[in-house]
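Please look through the sequence and the model below before reading on. The paragraphs that follow lead through its parts step by step.

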Amino acid sequence: MKKGWLCWIELLLGVSFILLGIYTLIKPDEVLSGFFIVYGIGAIFSGVRDILYYIQLDAKTGFAPKASFIIGAVNMFLGVLFIFTNFGSYMLGLIVPLWFILTCVSRIIHLKQVRYPSSEATYWFSLISYSIGIVLGGALLTALFSSTNIARIIAIFLIVFGTGSLVLALNRLDRD
């Protein structure tokens, strides 16, 4: 596997999530109708990225966190549920927060490998942004929100998560 592929996937994922988050903030009511397909695709790409990261790290070091592979597979499964079933519409209050939490936990697990080759600022920015994502996921799990407020929380998560991905990708591209 080429070295730069993972960086470009990360960059594309970051920019896509930022743009999707901004659009979700601007038109929260419209977004919920097409929510499941678009976010399902995002969950699948995020899962593929986690699995590719697992494979690359395993090939490089002979050891990779199994959680990365498992969370990637769960993200892909949630993405398929979003796209191909009505399950997502019934379980909006459960699936979306789980996706947020699992994705952010996966990224925090990856930060161990990012800390030393990256700058301290990149590490701490990423840790804080992914921790905010876990808090937002927890907020969605525990509170009752109107659909518009759910869309806004989703938008904030996407922007924070996308920014974290973008920072990591630019840092990796700068190193390679």
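The model shown here is a predicted one, and a good place to begin is Asp50, which is buried, with a relative accessible area of 0%. Asp50 belongs to a group of charged residues, since salt bridges that share partners join Glu10, Arg49, Asp50 and Arg107 into one network. Within that network, the side chain of Asp50 meets the side chain of Arg49 in a salt bridge, with a distance of 3.4 Å from N to O.

Arg49 also has a second partner, for its side chain and that of Glu10 meet in a salt bridge at 2.3 Å, N to O. Because Arg49 lies in helix α2 while Glu10 lies in helix α1, this pair ties together parts that are 39 residues apart in sequence. Are these two partners buried or exposed? Arg49 counts as buried, at 0% relative accessibility, and Glu10 likewise counts as buried, at 0% relative accessibility.

Glu10 is also joined to Arg107, the two side chains meeting in a salt bridge at 2.7 Å, N to O. Here the pair links distant parts of the chain, with Arg107 in helix α5 and Glu10 in helix α1, 97 residues apart. Arg107 is buried as well, with a relative accessible area of 1%. A search of the whole structure finds four salt bridges, among them the three just described, between Arg49 and Asp50, between Arg49 and Glu10, and between Arg107 and Glu10.

The helix that holds Glu10 deserves a separate look. Helix α1 has 22 residues and reaches 32 Å from its first C-alpha to its last, which is close to the 32 Å expected at 1.5 Å a residue. Its buried residues include Leu6, Cys7, Glu10, Leu11, Leu13, Gly14, Phe17 and Ile18, and further along Leu20, Gly21 and Thr24. An α-helix has 3.6 residues a turn, so residues three or four places apart point the same way.

Helix α1 also takes part in the surface, where Val15, Leu19, Ile22, Leu25, Ile26 and Ile156 make a nonpolar patch of about 520 Å². The largest share of this patch, five residues, comes from α1. One of its members, Leu19, lies in helix α1 and counts as exposed because its relative accessibility is 54%, where exposed means over 50%.

From the surface, the path now turns to the interior. In soluble globular proteins, nonpolar side chains tend to be buried together. The largest nonpolar core of this model has 29 residues, and of these Tyr39, Trp99, Ile154 and Leu158 touch the most other members. Each of the helices α1 (5-26), α2 (28-61), α3 (66-84), α5 (92-115), α6 (120-142) and α7 (147-175) supplies at least two residues of this core, and the largest share, seven residues, comes from α7.

What does Tyr39 touch, not counting residues up to four places away in sequence? Tyr39 touches Leu20, Thr24, Val31, Phe82, Trp99, Ile154 and Leu158. Two of these, Leu20 and Thr24, are among the buried residues of α1.

A last stop is Ser129, which lies in helix α6. Ser129 is buried because its relative accessible area is 5%, and buried means under 20%. Leaving aside its neighbours within four places in sequence, Ser129 is in contact with Val160 and Gly164.

Key:
Residues numbered from 1 in each chain as written. Predicted model: local features only at pLDDT ≥ 70, side-chain atom pairs only at ≥ 80, totals over all residues. Heavy atoms only, no water. Core = buried A, V, L, I, M, F, W, Y, C linked by side-chain atoms within 4.5 Å. Buried < 20%, exposed > 50% of the residue type's maximum accessible area, 1.4 Å probe, protein only. Helix = DSSP H or I, 4+ residues; strand = E, 2+ residues; numbered from the N terminus. Contact = heavy atoms within 4.5 Å. Expected span 1.5 Å × (residues − 1). Patch = residues over 30% accessible without salt bridge, like charges linked within 9 Å, V, L, I, M, F, W, Y side chains within 5 Å. Areas by Shrake-Rupley, 256 points an atom, 1.4 Å probe, with all protein chains shown as cover.
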